[in-house]
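Biologist: I have a model open and would like to understand the words used for its helices and pockets. Could we go through them together?

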Amino acid sequence: MEGYHVPVLAEEVISALRVTSGGIYLDGTLGGGGHTGLILRGGGNVVALDKDSDAIAYASARLGAVPEFRGRYNIIKSDFKACKTVLAEAGIGEIDGALLDLGISSHQVDEAERGFSYRFDGALDMRMDRSGNFTAADVVNGYDEERLAKIFFEYGEERFARRIAKAIVVSRRVKPILTTGELADIVKAAVPYSTNGHPAKKTFQAIRIEVNGELDGLGDAVNDIVSLLKPGARICVITFHSLEDRIVKQTLARLATDCLCDKSLPFCVCGHKAEVKLIGKSKPTEAELKMNPRAASATLRVAEKLPVNKMR
């Protein structure tokens, strides 16, 4: 469980959030509670969400062991995409800041039984919320060749998507593919060469995204969170691959733009006004990468809610 101890871009996140004593902050992706702990240490109160029961159990014990944190955080089992409903049910209408640390935790990757990694042999699972019934085995053994190739190409940006899909279909005709080791071997045999790590890396990413619906509603969730921010409050989003980063980047860019009309029109007819200003983006420092190489692909994007008079 030690991997839970490494919150990515921690200094940058806390600096960007500008945590104030007594403020209410949303941590939409609790994980091991690293970022939540830092917000609490800064004097803030936190509503933290996660759909992984293992993460909730670990973070609850970790945060509960710090006397000064008690009574200042509320951990709720939920997808961050339901944050607007969850906060409303908790009686919270506005927040002083929000964080989304997307992707998967080191703990999820390193636990063979979770089935996320091609490095360990375990059941093909990949569920972030293990109360659900849909697993990686359902994708690998149930999707037809065309559908497999489509998700490998779109969610994994895998150039050999069709070759891998065909190899999977041929292999499962003999017997179902039930373990990560079996799948990794099939992919490795199907890929003629790999220039970016293990040949199965992109395939596993694609299946994980499909199983958990990671990209579905991501832009809407960012919109919802921005609508909950007080003027001057900030949203911080950490992404780990180009697909989710593109959605976050485009969503924040739209929220930071006034008129969205076709530029060929002589005047604005949409009436759209910017809701945020973009603060910028950050990447991990060399010092952080030495301590946590898995942070290499992380990108932090920050936006600040504009005052109402600036939005009109």
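Modeller: Gladly! Let's start with a pocket: helix H1 (10-17) and helix H13 (286-291) each supply at least two residues of the lining of the second largest pocket. Keep in mind that this is a predicted model.

Biologist: Which residues line the second largest pocket?

Modeller: The lining consists of Val6, Pro7, Leu9, Ala10, Glu11, Glu12, Thr285, Ala287, Glu288, Met291 and Asn292. The volume of this pocket is about 170 Å³.

Biologist: How do those lining residues divide into nonpolar, polar and charged?

Modeller: There are 6 nonpolar, 2 polar and 3 charged residues in the lining.

Biologist: On to the helices, then. What makes H7 roughly perpendicular to H10?

Modeller: Helix H7 (residues 145-156) packs against helix H10 (residues 201-212) at about 100 degrees, and their axes are 8 Å apart. Angles of 65 to 115 degrees count as roughly perpendicular, so H7 is roughly perpendicular to H10.

Biologist: Which residues make that contact?

Modeller: H7 brings Arg147, Ile151, Phe152, Tyr155 and Gly156, while H10 brings Lys202, Thr203, Gln205, Ala206, Ile207, Ile209 and Glu210. Sorted by class, the contact of H7 with H10 has 6 nonpolar, 3 polar and 3 charged residues.

Biologist: Why are H7 and H8 called oblique to each other?

Modeller: H7 and helix H8 (residues 161-174) pack at about 140 degrees, with axes 8 Å apart. Roughly antiparallel needs an angle over 145 degrees, and roughly perpendicular needs 65 to 115. The angle of about 140 degrees meets neither cut-off, so H7 and H8 are oblique. H7 passes H8 in a right-handed crossing.

Biologist: Which residues of H7 meet which residues of H8?

Modeller: From H7 come Glu145, Glu146, Leu148, Ala149, Phe152 and Phe153, and they meet Ala161, Arg162, Ile164, Ala165, Lys166, Ile168, Val169 and Arg172 of H8. This contact of H7 with H8 has 9 nonpolar, no polar and 5 charged residues.

Biologist: And how do you know that H9 and H10 are oblique?

Modeller: The axes of helix H9 (residues 180-190) and H10 cross at roughly 130 degrees and come within 9 Å. That angle lies outside 65 to 115 degrees and is not over 145, so H9 and H10 are oblique to each other. Their crossing is right-handed.

Biologist: What meets what there, in H9 and H10?

Modeller: Thr180, Leu183, Ala184 and Val187 of H9 meet Thr203, Phe204 and Ile207 of H10. By class, that gives 5 nonpolar, 2 polar and no charged residues for the contact of H9 with H10.

Technical notes: Residues numbered from 1 in each chain as written. Predicted model: local features only at pLDDT ≥ 70, side-chain atom pairs only at ≥ 80, totals over all residues. Heavy atoms only, no water. Axes fitted to C-alpha atoms, helices over the stretch in contact; angles between N-to-C directions. Helix = DSSP H or I, 4+ residues; strand = E, 2+ residues; numbered from the N terminus. Parallel < 35°, antiparallel > 145°, perpendicular 65-115°, else oblique. Contact = heavy atoms within 4.5 Å. Nonpolar A, V, L, I, M, F, W, Y, C, P; charged D, E, K, R; others polar. 1 Å grid on protein atoms, 1.4 Å probe; cavity = no way out; pocket = protein on both sides within 12 Å on 5 of 7 lines; lining within 4 Å. Points joined across faces, edges and corners; volume = space filled by probe spheres on them. Left-handed = near helix turned anticlockwise from the far one by under 90°.
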